[in-house]
Amino acid sequence: MTLAVRYLSARTLDTAPAPSTPPGPGEVELAPAYVGICGTDLHIFHGDMDARVAAPAVLGHEMAGRVVRVGPDVEGWAPGDAVTVMPLRWDDTCPACRNGHQHICQHLDFIGIDSPGALQQRWTVPASTLIRLPGSLPLDRAALVEPTAVAVHDVGRAGVRAGERVVVVGGGPVGVLIALVAQAAGADVRVVELSAHRRLLAEELGLTVWDPAADDLPERVRGWTGDAGADVAFEVSGAAGGVDTAVDVLGVRGRLCLVAIHPRPREVNLHRFFWRELTLVGARLYDRSDFEKAVTLVADGTIPADRLITKVVPLTQAPAAFEALEGGGDVMKILVDCTDEAREATV
């Protein structure tokens with residue numbers, strides 16, 4: 001038996017023994033070391049995804065750990081290998097897959113949502129989901145590869161080019177990662193964030209940040225861009241006001257990349273889309289090339305992952321960590337450390 005964090009119902013998690021599944025053909029068994037809690041996990045915790053998540057459900061998809069066992073027909077992997085997981089399983093038969101968009105398969109199994117995730121001491125996954133990590137990369141920092149892959153995909157979907165002016169609305173973990181990835185691509189970036197704590201952290205990371213409560217954003221954008229408007233805006237806040245801001249800051253032929261999950265329909269200023277010939281693109285998940293680039297960005301320090309980790313808690317305190325994240329502003333990224341309990345469970 002192994003320990004796992006399970007979602008039972010809205011705002012109810014527990015830590016309980018769970019069976020350890022030996023790896024079958026094409027599978028590997030992992031020992032997760034660190035698992036990050038993200039915004040999607042919070043949506044599940046709030047009960048917003050009960051139509052999709054079958055309780056009791058083991059959550060978690062931002063992880064780094066090591067291979068423990070390999071199943072039959074698995075080649076290229078051995079116990080002790082440091083890995084992260086691209087938590088996607090697709091059918092390869094639907095129209096999306098046939099058109100080369102497997103990451104948004106029409107019958108996608110997002111591991112950690114639709115099937116058991118990483119918040120457990122032992123985790124069996126398809127070997128095809130593994131992404132190799134450099135031995136020099138600490139596993140706590142490597143747990144941020146998955147959200148960095150999200151940011152890499154988002155910046156790619158928006159087509160950000162060197163020299164473009166980019167506004168990121170929302171300075172939480174993904175917003176800051178998008179800003180850092182876009183800046184590394186040569187863009188001139190501004191982050192819009194209400195939380196003073198998050199603004200300070202973003203500034204310490206070398207980003208320029210605006211406070212929407214204190215700044216006249218349209219005026220700031222006009223002055224910054226010579227009255228042209230931003231080339232790209234990312235909506236990462238998930239708030240109605242964030243949508244308005246992202247639309248309002250764009251110049252002619254600007255691109256709006258929708259990143260945040262909006263659980264309810266939002267009003268959008270379509271007249272501005274018409275008037276300025278704006279483009280809206282959705283950005284969901286990632287592919288293997290996004291993950292591989294994310295590994296490089298975290299490993300070479302372009303993404304200062306250690307600075308984004310607010311705290312690390314043991315597996316048994318994971319339920320309380322979900323509640324701490326609800327406060328939002330003073331917390332960036334919480335990691336769950338599965339290693340101590342894993343050692344105790346296997347002694």
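Start by selecting strand 14 and strand 15 (residues 250-258): the two run parallel and are joined by five bridges. Keep in mind as you click around that this is a predicted model.

**Stop 1: strand 14 and its neighbors**

Zoom in on A230, and you'll find L250 of strand 15 standing opposite. Now add helix 8 (residues 240-248) to your selection. Together with strand 14 and strand 15, helix 8 makes a right-handed β-α-β unit.

Next, bring up strand 11 (residues 165-169). Strand 11 also pairs with strand 14 in the parallel sense, here over four bridges. To see one partnership, select V169 and look for E235, its bridge partner in strand 14.

Is strand 14 enclosed or out in the open? Turn on the surface and check residues 230-235: five of the six are buried, so the strand is largely enclosed by the rest of the structure.

**Stop 2: F234 and the core**

Stay in the neighborhood and select F234. Which residues does F234 touch, leaving aside those up to four places away in sequence? The list is D154, V155, A158, V160, V166, V167, V168, V169, I178, C257 and V259. A second, separate core of 16 residues includes V169, along with W210, V247 and F273.

F234 itself belongs to the largest nonpolar core, which has 105 residues; F234 and L30 are the ones that touch the most other members. As a rule, nonpolar side chains in soluble globular proteins tend to be buried together.

**Stop 3: the cysteines**

Select C257, one of the residues F234 touches. C257 is buried, with a relative accessible area of 0%. Why is there no bond from its sulfur to C38? The sulfur in C38 is the closest cysteine sulfur, but it sits 17 Å away, which is too far.

Now jump to C338, which also counts as buried, at 0% relative accessibility. Its closest cysteine sulfur is in C38 too, at 15 Å, and that is again too far for a bond. In fact, the structure holds zero disulfides.

**Stop 4: zoom out**

Show the whole protein chain as a cartoon, and you have 13 helices and 18 strands to look at. The C-alpha atoms fill a box of roughly 65 × 45 × 40 Å along the principal axes. The radius of gyration is 20 Å, which agrees with the value near 20 Å for a compact globule of 347 residues.

Color by burial and 54% of the 347 residues count as buried. Among contacts with a separation of 6 or more, 68% are between residues 24 or more positions apart.

Note on methods. Residues numbered from 1 in each chain as written. Predicted model: local features only at pLDDT ≥ 70, side-chain atom pairs only at ≥ 80, totals over all residues. Heavy atoms only, no water. Buried < 20%, exposed > 50% of the residue type's maximum accessible area, 1.4 Å probe, protein only. Pairing = 2+ DSSP bridges. Right-handed = clockwise from strand over helix to strand, strands pointing away. Disulfide = S-S within 2.5 Å. Core = buried A, V, L, I, M, F, W, Y, C linked by side-chain atoms within 4.5 Å. Contact = heavy atoms within 4.5 Å. Rg over C-alpha atoms; globule rule 2.2 N^0.38 Å.
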